[in-house]
Amino acid sequence: MLTRESSLPRSISRAAASAPRARILAIANQKGGVGKTTTAINLGTAMAAVKSRVLVLDLDPQANATTGLGVTPRPDAANSYDLIVGEAALSDIVVETEVPSLSLAPTSVHLSGAEVELVSMPRRECRLSDALQGEVDDYDYVLIDCPPALGMLTLNSLVAADAVLVPLQCEYYALEGMSHLVRTIERVKSAFNERLEIQGIVLTMHDKRNNLSNMVADDVRRAFGAKVYRTIIPRNVRVSEAPSHGKPVLLYDLECAGSLAYAHLAREVLAREAEISRMSADQ
């Protein structure tokens with residue numbers, strides 16, 4: 001069992017101490033297979049390990065964040081579908097996980113129908129934001145695992161979020177896909193959510209032996225500068241194995257390269273959050 005601060009770098013804990021409360025981070029990229037769910041699960045675990053109260057909200061109909069945290073989707077139980085269509089409150093759907101201080105708002109395949117249903121609903125872009133209003137005060141961070149598309153579910157996530165964390169796979173088309181997402185974020189910011197920003201971009205599935213991975217990483221850093229986290233998530237077999245056991249990799253194998261990378265990423269994310277908090281206080 002992962003236990004609090006003894007298992008992760010102390011600098012994460014220092015950053016967490018000054019981090020703002022109830023910040024909502026959408027983990028988004030319209031491309032599939034880039035590590036969104038893996039990042040949501042393991043970043044949330046690492047943040048919870050240093051006493052941040054974290055909620056992972058599974059808004060992907062594939063329900064991989066739900067199963068990856070050891071929860072079996074139950075179509076008959078209230079979940080994030082019921083939340084977004086207004087048939088359940090957040091407190092009705094949240095379940096606890098094996099990780100202390102890490103909660104989950106699970107989903108099921110029924111969420112796939114929400115894309116169509118939301119189109120005819122009033123305030124369709126704001127359904128999630130409205131549902132979370134006043135309901136997340138018990139948490140320090142809400143991490144929304146978005147589906148791999150720029151549809152109504154992702155739009156709702158961006159409208160509800162304070163910031164976006166973008167996992168970006170180290171492959172040839174990475175920058176092209178990123179440009180589409182940036183334009184979408186800018187449009188959402190202009191039309192619905194003026195506070196929305198890109199909190200950071202995390203390079204995932206990096207193979208240091210592969211020249212293409214290194215070239216893509218260099219290109220992304222040139223394009224986005226300081227927005228790109230220093231931490232790079234490597235390709236790692238233990239990261240791939242962990243979901244089949246219903247565990248974050250930090251519980252499955254704390255010492256593997258993937259676990260260490262997500263621990264360092266949590267340190268960076270919390271440090272940035274602390275800086276955002278300081279800047280807001282100074283304004």
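Biologist: Ground rules before the pockets: Ala, Val, Leu, Ile, Met, Phe, Trp, Tyr, Cys and Pro count as nonpolar, Asp, Glu, Lys and Arg as charged, and the others, Gly among them, as polar. What kind of model is this?

Modeller: A predicted one: local features need pLDDT of at least 70, side-chain atom pairs count only at pLDDT 80 or more, and totals for chains, interfaces and linings use all residues. Residues are numbered from 1 along each chain as its sequence is written, and side-chain values use heavy atoms, without hydrogens or water.

Biologist: How many helices and strands?

Modeller: The protein has 13 helices and eight strands. These are DSSP runs numbered from the N terminus, with helices being H or I of at least four residues and strands E of at least two.

Biologist: How compact is the protein?

Modeller: Its radius of gyration is 17 Å, close to the 19 Å from the globule rule for 283 residues, so it is as compact as a globular protein of that length. That radius is taken over C-alpha atoms, and the rule is 2.2 Å times the number of residues to the power 0.38. The C-alpha trace spans about 50 × 40 × 40 Å along the principal axes.

Biologist: On to the sheet. What is the strand order?

Modeller: E3-E4-E2-E5-E1-E6-E7-E8, an open sheet of eight strands with mixed pairing. Strand E3 (95–96) and E8 are at the edges with a single partner strand each, so each has one side without a neighbour in the sheet. Two strands pair if DSSP finds at least two bridges between them.

Biologist: In which sense do E1 and E6 pair?

Modeller: Parallel, over three bridges, between E1 (residues 23–27) and E6 (residues 163–169). Leu 25 has Ala 163 in E6 as its bridge partner.

Biologist: What lies across E6?

Modeller: Helix H9 (residues 174–191), which lies across E6 and E7 and runs at about 170 degrees to E6. Contact means heavy atoms within 4.5 Å. Axes are lines fitted to C-alpha atoms, for helices over the stretch in contact, and angles run from 0 to 180 degrees between N-to-C directions.

Biologist: New topic: empty space. What is the volume of the largest pocket?

Modeller: About 570 Å³. On a 1 Å grid over the protein atoms alone, a pocket is an open set of points with protein on both sides within 12 Å along at least five of seven lines, a cavity is a set where a 1.4 Å probe fits but cannot get out, and lining residues have an atom within 4 Å of a point. Points are joined across faces, edges and corners, and a volume is the space filled by probe spheres set on them.

Biologist: Which residues lie nearest its centre?

Modeller: Gly 35, Lys 36, Thr 37, Thr 38 and Met 205, out of 30 lining residues. H2 gives the most to that lining, with five residues. By class, the lining has 13 nonpolar, 13 polar and four charged residues.

Biologist: And the second largest pocket? How big?

Modeller: About 330 Å³. It is lined by 14 residues, with Arg 23, Glu 197, Lys 227, Ile 276 and Met 279 closest to its centre. E7 and helix H13 (257–282) each give two or more residues to the lining. H13 has the largest share, five residues. Seven lining residues are charged, four nonpolar and three polar.

Biologist: How many cavities of 30 Å³ or more?

Modeller: One. The largest cavity holds about 40 Å³. Its lining includes Asn 29, Lys 31, Leu 168 and Tyr 173. H9 gives the most to that lining, with three residues.
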